[in-house]
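The exercises below ask you to read a protein model step by step, with a worked solution after each task. Please look at the sequence and the structure before you begin.

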Amino acid sequence: MSYIRYDCPHPPSGRRLSPTPLPPCHRAPLPDDDLVAPAAGSAPAPSFSPLYQQIKTLILRSLQSGEWKPGEAIPSEVELATRFRVSQGTVRKAIDELAAENLLLRRQGKGTFVATHSERQVQYRFLRLKPDLGDLDSEGPAQRHIIDCRRLRASADVARALGLRSGDMVVQVRRVLAFQGVPTILEDLWLPGQAFKGLSAEALADYPGPTYALFEEEFGVRMVRAEERIRAVAADAAQAALLDVAAGTPLLSVERIAYTYNDTPMELRRGLYRTDSHHYHNELS
């Protein structure tokens, strides 16, 4: 705590104070005078982010509001600099971060575009299962077999993961993904029922591109990040039959929560992966 020192005249020891009015006291600041602790209950001092981070937030708001759709070009750096009344370098730094986060995509000589899961660079962003030989492009797109797609009331754990109330409506999808004819992934997906009205097994089976691209185009939901939990499990009889392996075969269990803008959870996905010809691959930096 800082204290305030006052330079006031004091009478010599043993003398009584004079009735003459004393001159006003003058405040002498202490060396740490600017470190006075705030009063109890007062609001904390505001924190300030760098200017480019503020511009990044404004661009994110425009993406979230749908001002620029997935696949569309955003205004040029010069236009954005004029719009936000900042330097072009500040805008460029904000865009660089959004591009590094796979939210924007730069195209040489063409401009900057809103990233979409239809793009080859982005469509496998959340799929970490890689073939032991070759890559995902060499083995071709996954063949999807939709086992079930239905609307039901969310259980407590599903509601908690999706930020819903227990009993709210969700869409549950169960499917098998096969690569080169070999069933490799068994997945269960849960999606908020309000956001995915009209989703059907036929739509999921017939859409030619990635499922997340379908979510973008048909429902306006763009997944921008995901969190995963991974553990090893043994296949039970029903799972083994769907994946064409023996009961008790070791599988990789991957639980993913995918988020749209503003950290809103929009999908809970639980997958079981065969690893006899594939492996989980992640790059850390």
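**Exercise 1.** Find the residues through which helices α2 and α3 meet, and then work out how the two helices are oriented.

Solution. Keep in mind throughout that this is a predicted model. Begin with the residues themselves: on the side of α2 they are Glu77, Val78, Leu80 and Ala81, and these meet Gln88, Val91, Arg92 and Ile95 of α3. Next, sort the residues of this contact by character, which gives 5 nonpolar, 1 polar and 2 charged. Then turn to the axes of α2 and α3, which come within 8 Å and cross at roughly 110°. Since angles of 65 to 115 degrees count as roughly perpendicular, α2 is therefore roughly perpendicular to α3. Finally, the crossing of α2 and α3 has a hand, and it is right-handed.

**Exercise 2.** Describe in the same way how helix α1 and helix α3 cross, and state which residues make their contact.

Solution. Helix α1 covers residues 51-65 and helix α3 covers residues 88-100; their axes come within 8 Å and cross at roughly 60°. An angle of this kind falls outside the ranges for parallel, antiparallel and perpendicular, and α1 and α3 are therefore oblique to each other. The hand of the crossing of α1 and α3 is right-handed. From α1, the contact is made by Leu51, Tyr52, Gln53, Ile55, Lys56, Ile59 and Leu60, while α3 contributes Thr90, Val91, Lys93, Ala94, Ile95, Glu97 and Leu98. Sorted by character, the residues of this contact of α1 with α3 are 9 nonpolar, 2 polar and 3 charged.

**Exercise 3.** Decide whether Ser62 is buried or exposed, and list what Ser62 touches.

Solution. First locate Ser62, which has its place in helix α1. Its relative accessibility is 6%, and because buried means under 20%, Ser62 counts as buried. Leaving aside residues up to four places away in sequence, Ser62 touches Glu67, Trp68 and Arg83. With Arg83 there is also a polar contact, made between the two side chains at 3.4 Å.

**Exercise 4.** Compare the surroundings of Arg85 and Asn102, each of which has a positive phi.

Solution. It helps to recall that most residues other than glycine have a negative phi. Arg85, although not a glycine, has a positive phi of about 60°, and for Asn102 phi is near 65°. Arg85 lies in the loop between α2 (77-84) and α3, whereas Asn102 is found in the loop between α3 and β3 (104-107). As for accessibility, Arg85 counts as exposed at 78%, while Asn102, with a relative accessible area of 29%, is partly exposed.

**Exercise 5.** Identify the buried residues of helix α8 and the elements against which they pack.

Solution. Helix α8 runs over residues 211-219, and its buried residues are Thr211, Tyr212, Ala213, Leu214, Phe215 and Glu216. These buried residues pack against several elements, including the strands β6 (143-153), β7 (169-179) and β8 (182-192), and also helix α7 (201-206). Just after α8 comes Gly220, which takes a positive phi of about 65°.

**Exercise 6.** Summarise the whole protein chain.

Solution. The chain holds 9 helices and 12 strands. Of its 285 residues, 38% count as buried. Among contacts between residues at least 6 apart in sequence, 58% join residues at least 24 apart.

Terms used
Residues are numbered from 1 along each chain as its sequence is written. This is a predicted model: local features need pLDDT of at least 70, side-chain atom pairs count only at pLDDT 80 or more; totals for chains, interfaces and linings use all residues. Side-chain values use heavy atoms; hydrogens and water are left out. Axes are lines fitted to C-alpha atoms, for helices over the stretch in contact, and angles run from 0 to 180 degrees between N-to-C directions. Helices (H or I, at least four residues) and strands (E, at least two) are DSSP runs, numbered from the N terminus. Angles under 35 degrees count as roughly parallel, over 145 as roughly antiparallel, 65 to 115 as roughly perpendicular and the rest as oblique. A crossing is left-handed if the near helix is turned anticlockwise from the far one by less than a right angle, and right-handed if clockwise. Contact means heavy atoms within 4.5 Å. Ala, Val, Leu, Ile, Met, Phe, Trp, Tyr, Cys and Pro count as nonpolar, Asp, Glu, Lys and Arg as charged, and the others, Gly among them, as polar. Buried means under 20% relative accessible area, exposed over 50%, partly exposed in between (1.4 Å probe, protein chains only). A polar contact is a pair of N or O atoms within 3.5 Å; within protein, one must be able to donate a hydrogen and the other to accept it, and residues adjacent in sequence count only if both atoms are side-chain atoms.
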